[in-house]
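Work through the following exercises with the sequence and coordinates at hand. Each task is followed by a solution in steps.

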Amino acid sequence: MSSRTLISSTQVKRGRVVYWTLLAVVVTVFTLVFLGPLYWMVTGALKSGQEIAQTPPTLFPQDPRVQNYADAWNHLNLGKLLFNTFYYAAGAVVFQLVLDTAAAYALSKLRPVLGTAILGSMLATLMIPAMVLIVPQYVTVIELPVVHLNLLDSPFAIWLPMVANAFNIFLLKRFFDAIPDELVQAAQVDGASPLRTLASIILPMARPILGVVSIFAVTAVWKDFLWPKLVMPHPDTRTVSVGIYAFAGGTPMNVVIAASVIAAIPTVVIFLIFQRNIMSGLTSGGLKG
Amino acid sequence: MSVLTAAARVHEEVTVHPAGSRRRRRILDDLTGHAFLIGAVLCFALFMWYPMIRGVVMSFQRTRRGETTWVGWDNYTRIVADPSFWTAWQNTFVFTVLALVLGYALPFFVAILLNEFRHATGYLRILVYLPVMLPPASALFLFKYYAYDPSEAGLFNAILTAVHLPTSEWMQSPRMTIPAMVIASTWMNMGSAVLIYLASLQNIPGELYEAAELDGAGVWRRIVHVTIPQTRLILALLAMMQIVATMQLFIEPLILANGAGTQDSAVSVAYLIYQHGFFQNDLNGAAALGVIMLLVLAVFSAYYVRLTTRKDDA
């Protein structure tokens, strides 16, 4: 792991003072730049309206008002909003895991006719900016072709488009490609159906990548804004980001910030727990080679 | 061993069967394969492939009171005539360039720096990536209310006052709107670029640095002659991805500037799509603007690919 980088280890040893000074500076600056605003957010939401308008601003809340957080929870109906977001995220994970894994398995191991063309058409969608498709996608969701269903305010309006994720298919297929074909053939010879092979040979080996895909699905739903804003217009179906935005206009600043803090807690916790998986997924996600 | 024999047995099985049953077998296998694919393919068809075509078709139609008619280029002329059209493109372009200068070069140097440290690397990585995990709406409210508070109680203004620099009105000043959006956007997004760079930096063979050092190359020349050429592919790819992402600038103007901003200083192409489609009841005009955006990005990508491949030859 400790392979040679820009500066050699001997150089580092010679310039030990410089190294430690630089490290101290970087650690301080990074903490201030990346953690500082979060500290400001959490504590700012504890201040009173008066204290927040004070110059110079106070570093610690003089009279911490937990009431702001309670107000955010009650006025914005955050419990409901968080539940909705969690429900959409969980469904997205299930749909992605089932349908994208099956598709990647077919493309990697079963390789039916036109498989390459299908994969190509899927990957081509990576080139299309989301904003370009937002209007025709919306029009499609209000009236699905052929079946003429309206998916507005239905969780399927979030779940199904999440399946159309070429990056996931690519990620999964790459992982499956690394599993030797002989293993699959051996299972087939032993009379295992393709489904059985997927369930008892491929999936157990693919656990790490399935974890990465699930985490990405959860954070994608949690962070998404415009799409849920459009397809979940009813106040009872909103996601947490959209809900806070909808209330921001008529709510005191500190309460909005308190709500933003609460909305951010789940993704931050997920990140702190799964940071290794997230980082490895991000860096091995096809961008390396 | 057992794997090998199994593979041999499969081979045997296939050769033994007569042609007709082999074809039937192949068709059955194909059907099974497509059965596994069907769910994802349907989702792609409904929410990706069909909307792509539908978007182009819509841009030449007009739907009024449930009646759809072909209107030729009307939507395009109407959208271009929107008073905010050119401002939106200009803002988007300025934002993209500034975000590229800040959000593209900065992560690269941060990654190079982090790669040199032998301590606290885990902590630093977590720090850089933490903002990426925040819901953008949360992070932007933080910037809007606390950092960009135009009074002296705002975080940025308090810092500026502390170091005796003039304060700014941030989002209320049309001149500062785009830089303020670039700062917020870079803070939120740079983490993923840093991590991707870090991974590619770790793939650079140490011998190259060794050799460069023996040739007397200093740190800066090692970066220019080893690090950058070795990571060129990732650099090129990320530049492309970053440009496509920043061209879609939307949530920053929506939250930080309440949409268009002071004197249209924040209005972006993506925001204009949103406004036409969902406020002015002009989905067709919005679709036309989407097609224009796609074409601009396509022309740009083609040019970009030519540029990077030509460098390859040299």
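**Exercise 1. Burial and overall form of chain B**

Determine what percentage of the residues in chain B is buried, and set the radius of gyration of chain B against that of a compact globule.

*Solution.* Step 1: in this predicted model, chain B has 314 residues, of which 40% are buried. Step 2: a compact globule of 314 residues would have a radius of gyration near 20 Å, but for chain B the value is 27 Å. Step 3: along the principal axes, the C-alpha atoms of chain B fill a box of roughly 85 × 75 × 40 Å. Step 4: the secondary structure of chain B consists of 14 helices and two strands. Step 5: take the contacts in chain B between residues at least 6 apart in sequence; 63% of them join residues at least 24 apart.

**Exercise 2. Secondary structure and spread of chain A**

State how many helices and strands chain A contains, and explain why chain A is described as more spread out than a compact globule.

*Solution.* Step 1: chain A contains 15 helices and zero strands. Step 2: the globule rule gives 19 Å for 289 residues, whereas the radius of gyration of chain A is 24 Å, well over that value; chain A is therefore more spread out than a compact globule. Step 3: the box filled by the C-alpha atoms of chain A, taken along the principal axes, is roughly 75 × 70 × 35 Å. Step 4: buried residues account for 41% of the 289 residues in chain A. Step 5: of the contacts in chain A between residues at least 6 apart in sequence, 74% join residues at least 24 apart.

**Exercise 3. The contact between the chains**

Find how many residues each chain gives to the contact, and characterise the side that belongs to chain B.

*Solution.* Step 1: chain A gives 88 residues to the contact and chain B gives 90. Step 2: on the side of chain B that touches chain A, helix H2 (residues 19-58) of chain B supplies the largest share, 22 residues. Step 3: by residue class, this side of chain B divides into 63 nonpolar, 17 polar and ten charged residues.

**Exercise 4. Domains**

Identify the domains of each chain and the distance between their centres.

*Solution.* Step 1: chain A is assigned domain 1 (9-70) and domain 2 (74-284). Step 2: the C-alpha centres of these two domains of chain A are 34 Å apart. Step 3: ten residues of domain 1 of chain A are in contact with ten residues of domain 2 of chain A. Step 4: on the domain 1 side of that contact, helix H2 (16-44), helix H3 (49-52) and helix H4 (67-75) of chain A each give two or more residues. Step 5: this side divides into six nonpolar residues, three polar and one charged. Step 6: chain B is divided into domain 1 (13-58) and domain 2 (77-313), and 40 Å separate the C-alpha centres of these domains of chain B.

**Exercise 5. Helix geometry in chain A**

Compare the end-to-end spans of helices H5 and H9 of chain A with the spans expected at 1.5 Å a residue.

*Solution.* Step 1: helix H5 (residues 78-110) of chain A has 33 residues, and its first and last C-alpha atoms are 46 Å apart, close to the expected 48 Å. Step 2: H5(A) is followed by Arg111(A), which has a positive phi near 45°. Step 3: helix H9 (residues 166-177) of chain A has twelve residues and should span 16 Å; the distance between its end C-alpha atoms is 16 Å, which agrees. Step 4: the buried residues of H9(A) include Ile169(A), Leu172(A), Lys173(A) and Phe176(A).

**Exercise 6. Two residue environments**

Decide whether Val33(A) and Pro136(B) are buried, partly exposed or exposed.

*Solution.* Step 1: Val33(A) lies in helix H2 of chain A. Step 2: 13 other C-beta atoms lie within 10 Å of Val33(A), so Val33(A) is partly exposed. Step 3: Pro136(B) belongs to helix H6 (residues 136-147) of chain B. Step 4: Pro136(B) has 22 other C-beta atoms within 10 Å and is therefore buried, 20 or more being the criterion. Step 5: not counting residues up to four places away in sequence, Pro136(B) touches Lys223(A), Phe225(A), Met188(B) and Ile251(B).

Definitions and conventions:
Residues are numbered from 1 along each chain as its sequence is written. Chains are lettered from A and ligands numbered from 1 in the order in which they are written. This is a predicted model: local features need pLDDT of at least 70, side-chain atom pairs count only at pLDDT 80 or more; totals for chains, interfaces and linings use all residues. Helices (H or I, at least four residues) and strands (E, at least two) are DSSP runs, numbered from the N terminus. The radius of gyration is taken over C-alpha atoms; the globule rule is 2.2 Å times the number of residues to the power 0.38. A residue is buried if 20 or more other C-beta atoms lie within 10 Å of its own, exposed if 12 or fewer, and partly exposed in between; C-beta atoms are placed from the backbone. Two residues are in contact if their C-beta atoms, placed from the backbone, lie within 7 Å. Ala, Val, Leu, Ile, Met, Phe, Trp, Tyr, Cys and Pro count as nonpolar, Asp, Glu, Lys and Arg as charged, and the others, Gly among them, as polar. Domain bounds come from an automatic or database domain assignment. The expected span of a helix is 1.5 Å times one less than its number of residues.
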